[in-house]
Amino acid sequence: MNILKDIVYKKLSSYLKEDSIPISEGTFILALSGGVDSVVLLHSLHQLGFNFYTIHFNHNYHEESNSTALYVKNEVEKLNSNRH
């Protein structure tokens, strides 16, 4: 397991442990901006096997808003993740 995945796994596991929730029953919501950080986290959560939903808001704030929304949609669909 690489360092990033190890950090993510330990941090999310500790959140679940605080509330006595088994890892297999925990669910998270990942807000995706379409930037490198959120997309790497998306793939890390998927590879680690965590249950999670994704969400992306397209505010049409800049010229690339629609292409970013499409990129996020495609990345999430590749992983067969729940999206909103």
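**Close-up views of a predicted model**

**View 1. Lys-78 is exposed, with a relative accessible area of 59%.** Here buried stands for under 20% relative accessible area, exposed for over 50% and partly exposed for what lies in between, computed with a 1.4 Å probe on protein chains only. The model is predicted, so local features need pLDDT of at least 70 and side-chain atom pairs count only at pLDDT 80 or more, whereas totals for chains, interfaces and linings use all residues. Residues are numbered from 1 along each chain as its sequence is written, and side-chain values use heavy atoms, leaving out hydrogens and water. The side chain of Lys-78 meets that of Glu-75 in a salt bridge, at 2.7 Å from N to O; the term requires a side-chain nitrogen of Lys or Arg within 4 Å of a carboxyl oxygen of Asp or Glu. The two partners are three residues apart in helix α3 and therefore separated by about one helical turn. Glu-75, in contrast to exposed Lys-78, counts as buried at 7% relative accessibility.

**View 2. Glu-77 and Lys-73 form a salt bridge in helix α3.** The N to O distance between their side chains is 3.2 Å, and, being four residues apart, Glu-77 and Lys-73 are separated by about one helical turn. Glu-77 is partly exposed at 33% relative accessibility, and Lys-73 is likewise partly exposed, at 36%.

**View 3. Lys-10 and Asp-6 form a salt bridge in helix α1.** Their side chains meet at 3.4 Å, N to O, across a separation of four residues, or about one helical turn. Lys-10 is exposed, with a relative accessible area of 53%, while Asp-6 is partly exposed, at 29%. By the rule used here, the count of salt bridges comes to three.

**View 4. Helices α2 and α3 are roughly parallel to each other.** Helices are DSSP runs of H or I with at least four residues, strands are runs of E with at least two, and both are numbered from the N terminus. The axes of α2 (residues 36–48) and α3 (residues 65–78) come within 11 Å and cross at roughly 10°. Each axis is a line fitted to C-alpha atoms over the stretch in contact, with angles running from 0 to 180 degrees between N-to-C directions; angles under 35 degrees count as roughly parallel, over 145 as roughly antiparallel, 65 to 115 as roughly perpendicular and the rest as oblique. From α2, the contact (heavy atoms within 4.5 Å) involves Val-39, Leu-42 and His-43, and from α3 it involves Tyr-71, Glu-75 and Val-76.

**View 5. Phe-50 belongs to the largest nonpolar core.** This core has 14 residues, and those with the most contacts inside it are Leu-42, Leu-45 and Phe-50; such a core is a set of buried Ala, Val, Leu, Ile, Met, Phe, Trp, Tyr and Cys residues joined through side-chain atoms within 4.5 Å. At least two of its residues come from each of α1, β1 (27–31), α2 and α3. Leaving aside residues up to four places away in sequence, Phe-50 touches Tyr-9, Leu-12, Ser-13, Leu-16, Ile-23, Phe-28 and Leu-45. Ser-13 lies in helix α1 (residues 3–18) and counts as buried at 13% relative accessibility; with the same sequence neighbours left out, Ser-13 touches Ile-23 and Phe-50.

**View 6. His-46 of helix α2 touches Phe-52 and Leu-79, not counting residues up to four places away in sequence.** His-46 and Leu-79 are 33 residues apart in sequence, and their C-alpha atoms are 7.3 Å apart in space. At 36% relative accessibility, His-46 counts as partly exposed.
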